[in-house]
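Thanks for making time for this today. Please bring up the structure on your screens, and I will walk you through it feature by feature.

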Amino acid sequence: MQAWRVHENGEPGEVMRLEEVDRPVPGPGQVLVRVRAANINFPDALLCRGQYQIRPPLPFTPGVEICGETEDGRRVIANPALPYGGLAEYVVADEAALLPAPEALDDAEAAALHIGYQTGVFGLHRRAHLQEGETLLVHAAAGGVGSAAVQLGKAAGARVIGVVGGPEKADVARELGCDLVIDRRTDDIVAAVKEATGGRGADVIFDPVGGDAYAKSAKCVAFEGRIVIVGFASGSVPAPALNHALVKNYSIVGLHWGLYAQKDPASIARCHEQLTKLAAEGAIKPLISERVPLKDAAAAVQRVADGTTTGRVVVVPDGAAR
């Protein structure tokens, strides 16, 4: 089979190689899955760079999220067992962690449903307890995780403010349903949020960016607001001033979604049932901006790493269903 492999750490476009390799062999409790679509996530770039919290042995195949087909014909969503990641024609995955792919979504959409939307649900509801009528501020609202948070916020009855970089991404955020879009390149984020909320600020802030985005969040979070730390796509990990959180009475909450697989795996299955229902109702639908063939995967991972994409970029191997 064909698979992209990383033999040394570095930028995805430089270190990923498309190679002919043997199919992976399932271990105890694992199954072989044919990849129908593989969603690219920012962690795939971090894996290539050797900067992710998990560092698989070299060489490895990136790709942490797929929609695929088992040997007995089930269409499933899976997180491949590294080092045999999803940017390949076949993967192995833990049988117990397989989830049924929603019928309402095609393969590319199903491949993009799992990590981003689960992150949104756990971040907005389990960690931040978002309520109907509250104001939700989403950084990187046109990106993969951000676009999921926007749709989930709207589904929960929140007023959603999206922060983006550039007019093209602003158009995407509006199409996703944002009630207000702020372009961080030309607008004053803090002033715009305060004006839109009558000076109150945002009740919940969803931050997958870190760096300056977090600094702006702390200046426009509401009384008893909640800032959800999801990631650091900017490459800068902020050092929050805890005295500021005390004086303004807001909460800083972290979300490591992958930890739930260890601590509370049943909650992931319950969340998937909720997401499947929302997809069937049309309340959520992953935004797929590109569907690329397997041969173009390295360039696609690099674009995601560079932050130039909107929504989700999904790799569809030759001959796989679309």
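**A walk through the predicted model**

I would like to begin with a residue on the outside: Asp72 has a relative accessible area of 54%, which is over the 50% cut-off, so Asp72 counts as exposed. Please keep in mind throughout that what you see is a predicted model. Asp72 forms a salt bridge with Arg74, and the closest N and O atoms of this pair are 3.0 Å apart. Arg74 itself is partly exposed, at 33% relative accessibility.

Moving on by one residue, we come to Arg75, which forms a salt bridge with Asp107, the closest N and O atoms being 2.7 Å apart. Since Arg75 belongs to strand β5 and Asp107 to helix α3, which covers residues 107-111, the pair ties together parts that are 32 residues apart in sequence. With regard to the surface, Arg75 is partly exposed at 22% relative accessibility, whereas Asp107 is buried at 3%. This pair also belongs to a network of salt bridges, in which Arg34, Arg36, Glu69, Arg75 and Asp107 are linked.

Another salt bridge is formed by Asp179 and Lys154, with the closest N and O atoms 3.0 Å apart. Here, too, distant parts of the chain are linked, for Asp179 sits in the loop between α6 and β10 and Lys154 in helix α5, and the two are 25 residues apart. Asp179 is partly exposed, with a relative accessibility of 42%, and Lys154 is likewise partly exposed, with 32%. How many salt bridges does the structure hold? The count is 20.

**The chain as a whole**

Let me now step back to the overall picture. The protein chain contains twelve helices and 15 strands. Its radius of gyration is 19 Å, close to the 20 Å that the globule rule gives for 322 residues, so the chain is as compact as a globular protein of that length. Taken along the principal axes, the C-alpha atoms fill a box of roughly 60 × 40 × 35 Å.

Of the 322 residues in the chain, 55% are buried. The accessible surface comes to about 13800 Å², and 50% of that surface belongs to carbon and sulfur atoms. If we take the contacts between residues at least 6 apart in sequence, 66% of them join residues at least 24 apart.

**The six-stranded sheet**

In what order do the strands of the open sheet of six strands run? Reading across, the order is β10-β9-β8-β11-β12-β13, and the pairing is parallel. The edge strands are β10, at residues 180-183, and β13, at residues 251-254, each of which pairs on one side only. Neighbouring strands in this sheet are turned by 20 degrees against each other on average, with direction ignored.

Looking towards one edge, strand β12, residues 221-229, runs parallel to β13 and is joined to it by four bridges. One residue to pick out there is Ile229, whose bridge partner in β13 is Gly254. Helix α4 packs on the sheet, where it touches β8, β11, β12 and β13, and its direction makes about 150 degrees with that of β11. Helix α6, residues 167-176, also packs on the sheet, touching β9 and β10, with its direction at about 165 degrees to that of β10.

**Loops and backbone details**

Finally, I would like to visit a few loops, starting with the one between α4 and β8, where His129 is placed. His129 has a phi near 55 degrees, a positive value in a residue other than glycine, and at 48% relative accessibility it is partly exposed. Is Glu134, which lies in the loop between α4 and β8, buried or exposed? Glu134 is buried, with a relative accessibility of 14%. Leaving aside neighbours within four places in sequence, Glu134 is in contact with His129, Ala158, Arg159, Asp203, Val204 and Arg226.

Ala140, in the loop between β8 and α5, also has a positive phi near 55 degrees, and Ala140 is partly exposed at 31%.

Two peptide bonds deserve a closer look on your screens. The bond joining Leu58 and Pro59 is cis, with omega about -10 degrees, and Pro59 lies in the loop between α2 and β4. The bond from Leu82 to Pro83 is cis as well, with omega near 20 degrees, and Pro83 is placed in the loop between β5 and β6.

Note on methods
Residues are numbered from 1 along each chain as its sequence is written. This is a predicted model: local features need pLDDT of at least 70, side-chain atom pairs count only at pLDDT 80 or more; totals for chains, interfaces and linings use all residues. Side-chain values use heavy atoms; hydrogens and water are left out. Buried means under 20% relative accessible area, exposed over 50%, partly exposed in between (1.4 Å probe, protein chains only). Contact means heavy atoms within 4.5 Å. Two strands pair if DSSP finds at least two bridges between them. Axes are lines fitted to C-alpha atoms, for helices over the stretch in contact, and angles run from 0 to 180 degrees between N-to-C directions. The radius of gyration is taken over C-alpha atoms; the globule rule is 2.2 Å times the number of residues to the power 0.38. Accessible areas come from the Shrake-Rupley method with a 1.4 Å probe; for residues, only the protein chains shown count as cover. A salt bridge is a side-chain nitrogen of Lys or Arg within 4 Å of a carboxyl oxygen of Asp or Glu.
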